[in-house]
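Hi,

Here is the structure I said I would pass on. Have a look at it first, and my notes follow underneath.

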Amino acid sequence: MADSKQEGISSVIRGVSHRLVYAVLTILLGAFAGAFAWAFFFLMNTGIQLLWGTVPTWLEGAGLPAVFYPLAFCLVGGAILGLFAKHFGSYPKDMNEVLAEVKKTGRYEYKHLGASFFGALLPLLFGGSIGPEAGLTGVIAGLCTWVGDRLRVAGSALREMTEAGTAAVVSAIFATPLFGLAVPVVGAADDSDGERISAQDIHLGTSKPVKVAVYVLAAAGALGMMTLLGSLFGHGGGLPRFTEVAIGWYEVAWFLPLAAVGAVAGWLFYPAGALVKRVGQRLGNRPVTKALIGGAILGAVGVVLPFTMFAGEAQTEELAQLWMVMTPAVLIATGLLKVVVTQVCLNLGWRGGHFFPLIFAGVAIGYGMAQLTGADPVFCLCAVTAALVGAVMRQPVMAALLLFLMFPVRAGLFLLAAAALGSLIPVPKKLL
């Protein structure tokens with residue numbers, strides 16, 4: 001009887017110690033994902049500064065006109081991206097494709113991690129109106145699968161590890177832990193009991209509460225590492241923050257018109273995508289031609305409206321300093337064309353994500369509406385951006401989670417309401 005009781009106590013201790021070890025490993029996994037995301041942003045920002053800051057200074061010193069730099073650089077970028085796609089394939093994959101593969105198979109193949117990494121970085125360096133989330137999600141998911149294979153992690157535990165890595169890197173990219181946690185939870189494909197996760201026979205159940213705990217630890221590790229590296233070496237990415245908002249009856253009266261403007265801008269994403277996709281199909285399997293045409297359109301629009309270029313994360317901070325000296329027409333045109341140019345990039349060989357540029361589009365239009373209406377600018381940004389993102393995502397709760405930390409908490413109800421209104425705008429099925 002005593003031996004049986006002692007064995008039971010030992011079993012409990014082993015189970016607790018295994019979970020503690022797993023928790024530490026999960027935090028370390030998240031920290032690695034955060035460090036990787038910070039390093040990617042650091043390389044991206046350094047490369048952009050070199051290409052778009054230092055090189056133009058040299059060219060101006062040589063007497064070359066600066067006005068056509070966007071067109072010239074984007075054409076060069078298009079040629080490089082086209083040749084890259086021709087030799088290495090269409091990388092990176094879209095974030096939804098990555099999540100779908102993890103959900104379906106419990107893993108993400110890692111044979112082309114290098115191509116995914118450089119395929120994500122190159123278009124951003126040359127001014128592509130795309131976000132980094134696609135490449136980073138694929139690389140981290142592939143690395144998690146690679147680590148799992150080395151440790152002989154199997155079944156639902158491998159899926160859990162890969163999903164935890166995905167939650168961590170998404171949290172780090174956007175600096176929005178709620179969205180990062182919701183991505184794998186909403187898309188969870190496995191509610192089975194735990195399976196063997198290592199050669200040491202560590203076990204862990206994969207019920208929803210345990211999964212959420214794992215994702216929380218991974219996201220905490222990622223955000224902690226991003227914060228640490230950012231404090232030591234400088235800012236590494238994430239969405240901008242607006243800390244003050246004034247909400248009075250005047251702002252409330254303008255809420256529905258502001259949300260309607262954002263929803264229409266979000267709706268534009270679909271017909272623009274369908275049109276550009278059709279052009280891409282007509283061009284056939286000509287990656288260099290497609291990328292050159294995409295670069296030409298991106299650069300030509302960028303000559304007239306420079307803020308239509310780049311992901312939008314750093315540009316949002318710049319626009320916050322400049323919007324009062326810009327006209328409403330320029331701000332609104334910048335936002336609308338940003339939506340279109342993003343689809344040009346995505347469908348003509350400038351591969352990446354769409355969240356960052358669409359958020360920037362909402363911010364630009366919001367500032368334009370603030371000038372036209374006289375309403376509080378942050379309130380305008382909140383209503384327009386949430387409606388735009390909601391119209392594109394078609395999931396208002398997810399849209400609100402993505403933007404929640406970007407705006408003050410007291411604007412949260414209007415944020416969710418605008419995202420819901422945006423998601424209700426009808427889109428023909430053939431465009432979805």
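Is Glu97 buried, partly exposed or exposed? Glu97 is partly exposed, because its relative accessible area is 42%. Before I go on, please keep in mind that this is a predicted model.

I started with Glu97 because of its partner: it forms a salt bridge with Arg351, and the closest N and O atoms are 3.9 Å apart. The two ends come from distant parts of the chain, with Glu97 in helix α3 and Arg351 in the loop between α12 (328-347) and α13, 254 residues apart. Arg351 counts as partly exposed too, since its relative accessibility is 23%. Searching the whole structure turns up one salt bridge. As background, side chains of opposite charge can pair when their charged atoms come close.

Now the overall picture. The protein has 16 helices and zero strands. There are 432 residues, and 52% of them count as buried. Among contacts with a separation of 6 or more, 81% are between residues 24 or more positions apart. About 18,900 Å² is exposed, with carbon and sulfur atoms supplying 68% of that area.

On to the inside. The largest nonpolar core has 118 residues, and Phe174, Phe179, Leu319, Leu402, Leu403 and Phe407 are the ones with the most contacts inside it. Helix α14 (residues 377-393) gives this core its largest share, 14 residues. Take Phe179 as an example: leaving out residues up to four places away in sequence, Phe179 touches Val170, Phe174, Phe355, Met393, Met398, Leu401 and Leu402.

Leu401, one of those partners, sits in helix α15. With a relative accessible area of 23%, Leu401 is partly exposed. Setting aside neighbours within four places in sequence, Leu401 is in contact with Thr176, Leu178, Phe179 and Ala182. Its C-alpha atom is 10.0 Å from that of Val183, although the two residues are 218 apart along the chain.

Helix α13 (residues 355-373) is worth a look as well. Its 19 residues should span 27 Å at 1.5 Å a residue, and the end C-alpha atoms are 27 Å apart, so the two values agree. Of those 19 residues, 17 are buried, which means α13 is largely enclosed by the rest of the structure. Just after α13, Gly374 takes a positive phi of about 80 degrees.

One to click on is Lys338, in helix α12. Lys338 counts as buried because its relative accessibility is 0%. Not counting residues up to four places away in sequence, Lys338 touches Ser129, Phe307, Thr308, Met309, Phe310, Ala311, Pro357, Phe360 and Ala361. The C-alpha atoms of Lys338 and Leu305 are separated by 9.4 Å, with their positions 33 residues apart along the chain.

Phe310, from that contact list, also turns up among the backbone oddities. For context, most residues other than glycine have a negative phi, and most peptide bonds are trans. Here is what I noted:

- Phe310 has a phi near 75 degrees, a positive value in a residue other than glycine. Phe310 is in the loop between α10 (287-304) and α11 (313-322), and counts as buried at 11% relative accessibility.
- Arg394 is not a glycine either, yet its phi is positive at about 65 degrees. Arg394 belongs to the loop between α14 and α15 (396-403), and is partly exposed, with a relative accessible area of 28%.
- Tyr91 and Pro92 are joined by a cis peptide bond, with omega about 0 degrees. Pro92 lies in the loop between α2 (69-88) and α3 (95-105).

Last, the surface. Which residues make a nonpolar surface patch of about 290 Å²? Val24, Leu25 and Leu28 do. Leu25 is found in helix α1 (residues 2-61), and counts as partly exposed at 48% relative accessibility. On the geometry, an α-helix has 3.6 residues a turn, so residues three or four places apart point the same way.

That's my list for now.

Cheers

Methods
Residues are numbered from 1 along each chain as its sequence is written. This is a predicted model: local features need pLDDT of at least 70, side-chain atom pairs count only at pLDDT 80 or more; totals for chains, interfaces and linings use all residues. Side-chain values use heavy atoms; hydrogens and water are left out. Patches are made of residues with over 30% relative accessible area and no salt bridge: like charges are joined within 9 Å, nonpolar side chains (Val, Leu, Ile, Met, Phe, Trp, Tyr) within 5 Å. Accessible areas come from the Shrake-Rupley method with a 1.4 Å probe; for residues, only the protein chains shown count as cover. A salt bridge is a side-chain nitrogen of Lys or Arg within 4 Å of a carboxyl oxygen of Asp or Glu. Helices (H or I, at least four residues) and strands (E, at least two) are DSSP runs, numbered from the N terminus. Buried means under 20% relative accessible area, exposed over 50%, partly exposed in between (1.4 Å probe, protein chains only). A nonpolar core is a set of buried Ala, Val, Leu, Ile, Met, Phe, Trp, Tyr and Cys residues joined through side-chain atoms within 4.5 Å. Contact means heavy atoms within 4.5 Å. The expected span of a helix is 1.5 Å times one less than its number of residues.
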